[in-house]
Each structure stands twice: as structure tokens, then as C-alpha cells.
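Here are a few exercises to work through with the structure open. Try each task yourself before reading the solution under it.

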Amino acid sequence: MIAKVSVYWNRLLERRWLVPVLLASGLVLAFLVPEYHLLSVYAQLILMYVGINIILAVSLNLVNGYMGEFSLAHAGFMAIGAYTSAVLTMKVLPAADFPLLFPLAVLAGGAAAAVFGLIVAVPSFKVRGDYLAIITLAFLMIVKSGIENIDFVGGPRGLSGILRLTTLPWVFFWTVALVWLIRNFVYSNYGRGVLSIREDEIASDLMSVNTRQVKFFAFMLSSFCAGIAGALFAHLLQFISPRVFDIAKSTEILIMVYLGGIASIGGSILGATLFTVLLELLRPSTMASLLSWLPAAVFNPLNEHFISHLGVWRMVIMPLALILVMLYWPRGMMGLREYRGFVPERDKDAHRHTLPEAGLHEHPESD
Amino acid sequence: MNEALIYWLQQGLNALQLGGIYALIALGYTMVYGILAMINFAHGDVFMIGAFFCFLLSTQLGLSFVPTLLLTMLGTGLLGVVIERLAYKPLRQAPRVSAIITALGVGLFLENFTLALSPYPKHIPTLLGNVTWNLYGLSLSSIQLVIISLSLVLIGLLDTIVHRTRIGMAMRAISWDKTYVPLMGIPVDRVISITFAIGAGLAGAAGSMYALAYPVIDPYMGILVGWKAFICAVVGGIGNIRGAMVGAFILGSVEIMVVAFLPSTFRDFVAFTLLMLLIIVRPYGILGKPRVQKV
């Protein structure tokens, strides 16, 4: 049954008109939904969070999944993008006067994050594996405590009063554009270089892959996307502080990536969506309104003993679920596989066979 | 005595106290890394659980310091073994990243579970009478003395276990080569469990000492301290037990010096910048050896 559905599904995905039609209708919907209140404000908010998280997960997957370097710095890049764009729309060119400059502010946030991406890319020439993980962690902590010491942006108190400029069409546009960008990068010549670095850096260097250049590009592209996601996030939340962008945020993005599966754009989209939606569903109010159709005899005790306690326990349930997924599905849901719709024509044959075991962080043999 | 000298000695004592706590946690990271080549991200939270055990034992059972410390070490040691058996052992053949993500999940679980049970920060009662001695202007409190001497004793004990006993020899053998060690009749699983028990027990001891020195504890306290201890392990050369101690005392001194001379908000900034520079200059840590990578 499942095999049959997946055959039809794959055949459907191979239609050339499918992707443009889906994208166009998505864009139209993104405009129509807020205009005519097709979804509740809360549901729209969740949709926007899903979009931002998709950008974050797909871009982190470029470094962690495709390149095989364990990076923890994504929340730091997000913070740089968020603060840069927020300062631009609040203090430099107040968005109240120039609302049309919002996309430029978002781009500037991405560009600033990309520049800082170099700080992580340069040490990665020398350092590998767990040591690079620590450098990225140190980078995150430096960014965080750096912001805490800048009074201009509010220091540890944070920056409030950011205008709410992030809308559903903007999130849709940036999500599609950045996923498209990363997908094209991964399947380009540089993308092959990225994959070869994951398999064996020294060997790919010997095979005349310019590993430095490839790492530059991959880290900069990844941090650029994280910066843009941060800018959108800041103008959605309307309040940012260094505590928003701490290790917990990086961990959250890591979970999305590894839940969905490494080296898979489709997997990251799936992981980010599932993670965000599940975490929201576990909120007591959402759960209560979802189950309100149950007869009162069932609903009331359920509500009393289970749903009303979810507020505290959902953050316990989520890591447990992650551990279980990892135990039974160590590669994540779509690890090293890809939706056929994302694979370019010339690469489809390569994906028909299962990929070899990726040598992620392989422990060098000691002898 | 010279006032400047007294000042430096005082800061040195503070650094020894902080470094001792970091060292006890860092040893757990470095031992697990040495044996499994895996970063046990849940270790900082085991430290936090240790502090909460200490709180429970001293308030609910009214125990004094020594039984509290011993029971805490026993409890966290058991917790370490349980975590290893349930969460890490099934993943030993899986890609290394999945074990790391599982460890992150275990850490989050421990934090939020503790948070769900006790949402407010807790005050630990004074377990030790705090006496302060004054030597030529140098003040030394009994808590400081206990922390420094206890951590040195525990570190010495661990060093003896690893370098002088059969189980320590087995640990070093496993960290050397995992493929052929079982053929020599070494029970790998048991040795790994013992490693986790020792590491987690030391983290528990660090938790109780931390609770002595800084008596307010909360479920998220393990995150930053854990990361810093991990940094100590890396600075010294991860997998190297003596390196972890060196790294811990270096980081402890750096933090104390930053607080002494700069606004305390710069503490993390300076500590992490130094770490980043050190790793770039010496990627294998102070006492670590570079591995030769073959293609």
C-alpha cells in the first residue's frame, strides 16, 4: 500500500509543472491567508515560526549534515542577524518612516552574519571534528556575552519595541528562496566538494578540491541564512535579548536537523515542521482546544490529570521523544535520503541506490 | 607580609577552589571521551542532579556533610550507569553524531524533569560550620579548605585508579584500541559502565561542593558549568586525565583573574575568547598529542 502510494507520489513529483504551480499557489495563499483571516492569528504565527525554523534547519544541515562538521554556532549567527536588522529598522532608518526598506534590513542582517561566518570558517581549516564543535560553541558564547556588554543594544536587558514587519508572504518568500539557494548549492560543483569534505577531507584535498574555498562558501552561506532567519525572527517576536539566542536555541536547531535526517533538505523541512508543530500541540491551551470535541465525561478528567500539566511536562516529553527517535532511527527520519522532487534530473540515478555510509566524524584508527 | 602578595595568594586560593570543581566535572568528560570518543553532553546535568541530591539528602533526611557527599556520589554514579545503559549503549554501532544528539536529549530531559518537579531555585542549608581563619591577612574559610583538599584527594584517587589498577589498565586499553581489546578477555561493557559510574560520581561530588560554596541551585545551573568543564577537558587535551586537571586550573585562574580586574560581565567573553585562540594555536590541547590521519 505504502509502496504503491510512494510510486504515485514519485510520479507526481516528476511533473515539471508541479513545483512552479505549488510555489505560485503557496505565494498567493500567503497573501490571502492574513488578508481574509483564513487561519486564526495563532495558526499564522505557527506557520511563520515553521518557515523560520525551516530556514535554520536547512542551513545548519549544510554544515552539519552535508559537510559533516558539527557546528553549534547557529544561534550566534541568528543573534547577529537579528540585532543587525533590528538596529537598522529601529535606529538607523526607522521602519516607521521607511517601511519598504525592511527586505534590505533583513539582507543586511544576513550579510553581517555571513561576515562573522568567516570567523568560524577560518579555524575550520586547521581544526576538525569535536574541536571545531568547541570553537563554534565558543563563538556562540562570545557573541552572546559580547552583546550583553554592548549598552547601545540594551545589553542583557535586550532590545524591545521592534516593529512587527515579518509577515506571512515575507516568510514564505525567504523560506523558498533560501531553500532553493541551498538546494542549488548542494547540487553544484561546490556541493560535490562539500560532500567530499564530509567523506574524507585529506583525500578530497588530494583530488584537487579546493577545500578552503568550499568551506568558506558553505560556512558563509549557512550563516547568511541563519542571519536572515534571525532578522525575520526579531521582527516577529518584537523583542530580542541575548538569552533568546543561547545554547538552548542551537540545541533546538540541531534537534530539528537530526530528527529530520542529515544531508537531506527534505528531511530538514520535515524535521523543522514536525518539531515546531509538535511543540505547539503540546501546549495545554492548544491541546485542550484540539480535544474539545470529546464528550465532557472523557474530556474533563483528561484535562484535569493530563492536559493542564502539559505546560511543564511538554519540555520533558520532547527530549524523551528525541531519545527514542535516535535509538530506533539513528540517522533521523530521512538520513542521507532525499525527496525526489529536490533532486535535479542528472542526479536522480545516483539517488536510486542507497548512499554509502557517511564517514561522519570517523574516529581515526590509532596504531 | 606584602599586601600585593597577599592579594595574589587570595586570588590563587579562589582559583584553586573554582578549578577544583571544574576539574572534577572535566574528568568525567575526558574519561568518557577517552573510552567512547563521544562527548557526553548530559554530564553537566549530572552535576546539577548531584547538587539536587545534596539538597534533598540534607533537607529531607537531615544528614550531615560526609554521608550526604557519599550518598550523592553513589546516586549520581548509578544515574550515570543507567544513562549509559539505556541511552548510549544501544547506539555504540550507530554514527557518532546520533550518540551526541542523544546525549543532548538526555541533558534536556534531566534539566526539564528537575524543573517540572521543583520550579524554584533552592537554598541549601549550611552543612558545614563556616570558620574563617586569618593568616597574615590571608583569609581561608573552612569551606574553601574542604573543597580544595577534597577535590585534590579525589583527583589523586582517580589518577591512581587509572594508572595503577587493573580496571584502569583496562580503561586505557579500551581507549587505545576497541577492536582487539575484547579478544584479550577484557569485559568492555563492564569497564565502560565503571567509567561512567566513576565520572558521574565525581560530577556528583562536584555538585555537592558547588552547593556548599554557592548555596543557591536551580535546574539550569549545569549547562554553563558543564560547558566550561568540557572546555577545560579540551584545553588540557581531551582524553587525557592529567590534561583535564591542568585545563581546569587554568580556566579557574583565568576566570578569577578576569573578575578581579575587569567587570564580571566580561568573564565568559574572555574565557571563551582565550579558549578559541588556544584551540586555533594548539588544536590538540596542552597535554594532548596530535593524531596522525591516514587516507
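**Exercise 1: the overall build of chain A**

What percentage of the 367 residues of chain A count as buried? Then work out how the size of the chain fits with its length.

Solution. Keep in mind that this is a predicted model. Step one: a residue is buried when its relative accessible area is under 20%, and 52% of the 367 residues of chain A pass that test. Step two: list the secondary structure, which for chain A comes to 16 helices and two strands. Step three: the radius of gyration of chain A is 21 Å, close to the 21 Å from the globule rule for 367 residues, so the chain is as compact as a globular protein of that length. Step four: for the extents, the C-alpha trace of chain A spans about 65 × 60 × 45 Å along its principal axes.

**Exercise 2: contacts, surface and charge**

Find what share of the contacts in chain A with a separation of 6 or more comes from residues 24 or more positions apart, then look at the surface and the charges.

Solution. Start with the contacts: that share is 81%. Next, the accessible surface of chain A is about 16800 Å², and carbon and sulfur atoms own 68% of it. Finally, count charges: chain A carries 25 positive and 23 negative side chains, with the centres of the two sets 6 Å apart.

**Exercise 3: two residues of chain A**

Decide whether Asn53(A) is buried or exposed, do likewise for Ser124(A), and list what each one touches.

Solution. Take Asn53(A) to begin with; you'll find it in helix α3 (residues 41-66) of chain A. Its relative accessibility is 8%, so Asn53(A) counts as buried. Skipping residues up to four places away in sequence, Asn53(A) touches Met256(A), Ala272(A) and Thr276(A).

Now hop to Ser124(A), which sits in the loop between α5 (102-121) and α6 (129-148) of chain A. With a relative accessible area of 0%, Ser124(A) is buried too. Leaving out neighbours within four places in sequence, Ser124(A) is in contact with Leu132(A), Lys215(A) and Phe219(A).

**Exercise 4: a hairpin in chain B**

How many bridges join strand β2 of chain B to strand β3 of chain B? Trace the turn as well.

Solution. Four bridges join β2 (residues 132-135) to β3 (residues 138-141) of chain B, and the two strands run antiparallel. For one partner, go from Asn134(B) across to Ser139(B) in β3(B). Then follow the chain round: β2(B) and β3(B) form a hairpin with two residues between them. In that turn, Tyr136(B) has a positive phi of about 50°.

Methods. Residues are numbered from 1 along each chain as its sequence is written. Chains are lettered from A and ligands numbered from 1 in the order in which they are written. This is a predicted model: local features need pLDDT of at least 70, side-chain atom pairs count only at pLDDT 80 or more; totals for chains, interfaces and linings use all residues. Side-chain values use heavy atoms; hydrogens and water are left out. The radius of gyration is taken over C-alpha atoms; the globule rule is 2.2 Å times the number of residues to the power 0.38. Buried means under 20% relative accessible area, exposed over 50%, partly exposed in between (1.4 Å probe, protein chains only). Contact means heavy atoms within 4.5 Å. Accessible areas come from the Shrake-Rupley method with a 1.4 Å probe; for residues, only the protein chains shown count as cover. Lys and Arg count as positive and Asp and Glu as negative; His and the chain ends are not counted. The place of a charge is taken as NZ of Lys, CZ of Arg, CG of Asp or CD of Glu. Two strands pair if DSSP finds at least two bridges between them.
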